[in-house]
Amino acid sequence: MRWSFVGEDREVMKVNIRKISEDTGFSMSTVSNALNRKKGVNKETAQKILNAAQKLGYRVEEGITKIRFVIFRRNGLIIDESFFHPAVIEGVEHQAKLLGYEMIFCYVDIHDSNYQEQLADILTDMQSAIILLGTEMLEEDYQFYVSAKNRIILLDGRSDKYRFNSVLINDTEAVVEAMEYLVRKGHVRIGYLQGEFRIQAFRSREKGYYQVMNQYGYPVRPEYIATVGTKIETAYQKMKEYLGRVKEVPTAFFADNDMIAIGCMQAIKECGYRIPEDISVIGFDDVSYGAVLDPPLSTVHVYKQELGARAVRELLDEDSRNGQAKIEIQVCAEFVERGSVKEIKEGGGI
C-alpha cells in the first residue's frame, strides 16, 4: 500500500511541496509528480518546477522523494498483534506529511525465500530514505543492512556492533521509575513477567528490574521469574502453568509489556488471586486497552507518535547524517499510576 502526502511544517524550516506550489502556481500534485519524475507533466512545466525548487533550496540533487518504512518481521511474536506500533506508525505518517514526503510501507520477513532479493531492491533505491523498525531484530540481523546505499535510521531498535543512528525508548530508566514506585508502595518480593522472545527492548527493561532489586538488596528468587508468551493468549497460558507449579508468589510483578501483563492478569484472577489485593501488576507501553481493565493497569506511558515523528526528523536532519559519531536518541517515557498496585505494610519499603 502507498500513500502520498504533502504539507508544511511550522517547526522544521524545510522547503516542501506546498511552498513550491505556492511560488509556481502549479497544484501540489503537479509539483509532486514533477519532482518525482512521473509521467503526466509536460517537459516545460516540469522544468519550471525543478528550477523553482532548486532556487528555493529544495534538495532536488539528492533525489530523495519518499520515506520507506520497513517493518522487519522475525516471527511476529511482538508486532503481529501489537497495540503499540499503529500509534508509532501514525507518528511517522504525520511527520512525513508535514515535510512533504511520499510514504511507502513494506514488510520484510527474514524467513521468506526471497528476503535477500527484497533487501536488494529496498537498499539500492536512492530516491528513498529508510526507517527500519527494529523491534524484532536481533544483533545478527543488522549485518544485512550495512551495505545500504540509501539513508537509514533504526526505530525501536539499536545495534551495538554496527553504525546505525537510532531512535528508541529509554527502557531501562523507565523501568527503574516503575520499580521505584513498587518499592515506595512497600513491595519487597517483586517478580518479573518476562517475554520468552528476548527482544532488545525486553533485555533493556530487564536491566532496570535487576538494577532496583540489587540496589535495595531485595531477593530475586528463581520462582519469582515467570517466562511467558508475548501475545495475550500465550502469556495467559504460560502464566496459568507457572501459578500451578509455584508454592509462593511475589506481592507484585513487573511485566515486559502491557500485552504480557494483560494475559497474565487474567490467569492470576482465574487461579484465585485478587489484583491488587494479593498480587500487584505493572506493565509497559500504556496501550489503550489497559486503561479499561478491572482493575486498570498501572504502566509506563510511551510517547508513541513522538517516537515515530522523531525518527523522521532525525532521518532527514543534515547534521545527523553528516556527522561521524553514531547518534542514539532516547525518547523518555513516564509512569502512569492506576489501580493495579496495592500499598502494603511489608518491611523494606522506602
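In the predicted model, 57% of the 350 residues of the protein chain count as buried. The chain contains 11 helices and 13 strands. Its exposed surface amounts to about 16,000 Å², of which carbon and sulfur atoms supply 47%. Contacts between residues at least 6 apart in sequence were also examined; 72% of them join residues at least 24 apart.

In soluble globular proteins, nonpolar side chains tend to be buried together. The largest nonpolar core in this model has 82 residues. Ile67, Phe69, Ile131, Leu155, Met179 and Met239 are the residues with the most contacts inside this core. Helix 6 gives the most to the core, contributing eight residues. A second core, separate from the large one, is made up of 19 residues, among them Val70, Phe72, Cys106 and Tyr115. When neighbours within four places in sequence are left aside, isoleucine 67 is in contact with Ala96, Tyr101, Glu102, Met103, Ile104, Ala129, Ile131, Val312, Leu315 and Leu316. One of these partners, Ile131, is itself listed among the residues with the most contacts inside the largest core.

Four strands form an open sheet in the order 8-7-9-10, and their pairing is parallel. Strand 8 and strand 10 (280-282) lie at the edges; each has a single partner strand, so one side of each is without a neighbour in the sheet. On average, and with direction ignored, neighbouring strands of the sheet are turned by 20° against each other. Strand 9 and strand 10 run parallel and are joined by three bridges. Phenylalanine 254 has isoleucine 282, in strand 10, as its bridge partner.

Helix 7 covers residues 200-215. At 1.5 Å a residue, its 16 residues should span 22 Å, and the 23 Å between its end C-alpha atoms agrees with this expectation. The buried residues of helix 7 are Gln200, Ala201, Phe202, Ser204, Arg205, Gly208, Tyr209, Val212 and Met213. An α-helix has 3.6 residues a turn, so residues three or four places apart point the same way. The buried residues of helix 7 pack against strand 7 (190-195), strand 8 (225-228) and strand 9 (252-255), which belong to the open sheet. Their other packing partners are strand 6 (166-169), helix 6 (171-184) and helix 9 (258-270). Helix 7 is followed by glycine 217, which has a positive phi, near 70°.

How values were computed: Residues are numbered from 1 along each chain as its sequence is written. This is a predicted model: local features need pLDDT of at least 70, side-chain atom pairs count only at pLDDT 80 or more; totals for chains, interfaces and linings use all residues. Side-chain values use heavy atoms; hydrogens and water are left out. Helices (H or I, at least four residues) and strands (E, at least two) are DSSP runs, numbered from the N terminus. The expected span of a helix is 1.5 Å times one less than its number of residues. Buried means under 20% relative accessible area, exposed over 50%, partly exposed in between (1.4 Å probe, protein chains only). Contact means heavy atoms within 4.5 Å. Accessible areas come from the Shrake-Rupley method with a 1.4 Å probe; for residues, only the protein chains shown count as cover. A nonpolar core is a set of buried Ala, Val, Leu, Ile, Met, Phe, Trp, Tyr and Cys residues joined through side-chain atoms within 4.5 Å. Two strands pair if DSSP finds at least two bridges between them. Axes are lines fitted to C-alpha atoms, for helices over the stretch in contact, and angles run from 0 to 180 degrees between N-to-C directions.
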